[in-house]
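Open the structure in your viewer and keep the selection tool at hand. We will go from stop to stop, picking residues as we go.

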Amino acid sequence: MDYSIGFIGGGKMAEAIISGIVTSNLISQQNVFVGEINEARQKYLQEVYGVNVSSDNKWVISQADLVILAVKPQLMQRVVGPLREIFSHRLVVSIAAGITINKLSEMLPDKQPIIRVMPNTPCLIGQGISAMAPGETVTEEHSAKAKTILSSVGQVVITEEKYLNAVTGLSGSGPAYVYLIIEALADAGVLAGLDRHMALQLATQTVIGSAAMVKETGSHPAQLKDAVTSPGGTTISALYSLEKNGVRAALIEAVITAMNRAAELNGE
Ligand SMILES: NC(=O)C1=CN([C@@H]2O[C@H](COP(=O)(O)OP(=O)(O)OC[C@H]3O[C@@H](n4cnc5c(N)ncnc54)[C@H](O)[C@@H]3O)[C@@H](O)[C@H]2O)C=CC1
Ligand SMILES: O=C(O)[C@@H]1CCC=N1
């Protein structure tokens with residue numbers, strides 16, 4: 001692609017996107033500019049991805065056609081406020097949890113095109129999923145550009161902004177829930193006498209294989225679950241234990257709690 005991209009904040013989520021776009025050759029390294037204040041982080045991003053890194057956010061924006069805001073939500077106002085005049089016509093993409101397009105518009109010049117996106121860290125290996133919600137002054141061309149970038153690091157869904165906090169609770173934070181489940185499954189294997197390495201391999205591939213079954217067969221998860229569950233067998237006794245311990249409700253509550261927390265972040 002013949003355009004340049006800037007990141008304000010070069011942390012974990014920015015890295016996941018940078019890695020994806022550089023690996024997929026969508027945008028060459030010399031056209032990626034990262035504004036980052038932490039020196040160790042600057043060095044790391046330069047060495048690992050060969051991108052341009054600077055502590056001067058104004059310079060980064062001036063070099064970019066499209067700017068991704070990737071600092072913590074709580075810092076957004078403080079970081080973006082002083083950069084207000086530099087953005088000019090550029091498309092601004094915010095990946096911050098909770099911060100609304102309305103709130104971002106107050107920080108930016110009038111009619112600034114803004115797209116709010118919720119990605120997740122598997123973008124690092126091209127297996128992410130991002131939901132994007134375009135603001136009012138965003139053109140078809142802007143949306144297409146953002147979608148191309150996000151598609152280079154995983155799947156993309158387009159939705160209304162009112163759903164982005166729900167997306168945050170589900171797929172934005174979701175990888176952490178899955179890692180917790182993988183870790184717990186492996187711990188159970190270790191408790192039952194398996195060695196750690198093998199237990200982790202069994203747990204990880206079980207999650208990968210099961211997710212791929214849902215995706216590739218198109219069957220409802222309940223139908224796939226039933227196929228594992230023999231009458232009077234092992235699985236049904238485990239499922240009974242999971243239901244007794246409220247795992248289903250715990251996961252539902254986790255997503256809703258994260259969604260509500262995203263809404264709170266807009267006011268902090
Ligand atoms: N980590 C995740 O899984 C996801 C994070 N997000 C969003 O991405 C954003 C970044 O999150 P993470 O990457 O996890 O956080 P992080 O803490 O790893 O990255 C933020 C980076 O911004 C840098 N920074 C702070 N002040 C700065 C300034 N004035 N100028 C330039 N750089 C500055 C920090 O040094 C840090 O490297 C957040 O708004 C978060 O809500 C969205 C989806 C998933
Ligand atoms: O924990 C957070 O606030 C960020 C947003 C989604 C995933 N990580």
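The tour below starts at the ligand and ends in the protein's interior. Keep in mind that this is a predicted model.

**Stop 1: the ligand.** Select ligand 1 and show what surrounds it. You should find 27 residues, the closest being Gly 9, Gly 11, Met 13, Ala 96 and Ala 97. Colour this shell by residue type, and it splits into 14 nonpolar, 9 polar and 4 charged residues. Which helix gives the largest share of the shell? It is α1 (residues 12-23), which supplies 3 residues.

**Stop 2: the annotated site.** Now select Ile 8, Gly 9, Gly 10, Gly 11, Lys 12, Met 13, Ala 70, Val 71, Lys 72 and Pro 73, which an unreviewed UniProt entry lists under "binding site". These residues span 66 positions in sequence, yet no two of their C-alpha atoms are more than 14.0 Å apart, so they gather at one spot.

**Stop 3: two ends of that list.** Is Ile 8 buried or exposed? Ile 8 sits in strand β1 (residues 5-8), and it is buried because 25 other C-beta atoms lie within 10 Å, where 20 or more are needed. Beyond its neighbours within four places in sequence, Ile 8 is in contact with Gly 35, Asn 57, Val 60, Val 67, Leu 69, Ala 70, Val 71 and Val 79.

Next, click on Pro 73, in the loop between β4 (66-69) and α4 (76-80). Pro 73 has 19 C-beta neighbours inside 10 Å, so it counts as partly exposed. Leaving out residues up to four places away in sequence, Pro 73 touches Ala 96, Ala 97, Gly 98, Ile 99 and Leu 265. Ala 96 and Ala 97 should look familiar, being among the residues closest to ligand 1.

**Stop 4: the core.** Select Ile 68 and Leu 69, which touch the most other members of the largest nonpolar core, a set of 57 residues. Helix α1 gives the most to this core, with 6 residues. Domain 1 (5-164) and domain 2 (174-265) both contribute, so the core lies between them. Around Leu 69, contacts outside its sequence neighbourhood of four places include Ile 8, Met 76, Val 80 and Val 92. In soluble globular proteins, nonpolar side chains tend to be buried together.

**Stop 5: a covered helix.** Finish with α7 (residues 164-172), where 8 of 9 residues are buried. Among them are Leu 164, Val 167 and Leu 170. To see what covers this helix, show β6 (114-118), β7 (128-134), α8 (174-191) and α12 (247-265), against which the buried residues of α7 pack.

Notes:
Residues are numbered from 1 along each chain as its sequence is written. Chains are lettered from A and ligands numbered from 1 in the order in which they are written. This is a predicted model: local features need pLDDT of at least 70, side-chain atom pairs count only at pLDDT 80 or more; totals for chains, interfaces and linings use all residues. A residue is near a molecule or strand if its C-beta atom, placed from the backbone, lies within 6 Å of it. Helices (H or I, at least four residues) and strands (E, at least two) are DSSP runs, numbered from the N terminus. Ala, Val, Leu, Ile, Met, Phe, Trp, Tyr, Cys and Pro count as nonpolar, Asp, Glu, Lys and Arg as charged, and the others, Gly among them, as polar. UniProt positions are given in the numbering used here, feature names are shortened, and annotations may be inferred rather than shown by experiment. A residue is buried if 20 or more other C-beta atoms lie within 10 Å of its own, exposed if 12 or fewer, and partly exposed in between; C-beta atoms are placed from the backbone. Two residues are in contact if their C-beta atoms, placed from the backbone, lie within 7 Å. A nonpolar core is a set of buried Ala, Val, Leu, Ile, Met, Phe, Trp, Tyr and Cys residues joined through C-beta atoms within 7 Å. Domain bounds come from an automatic or database domain assignment.
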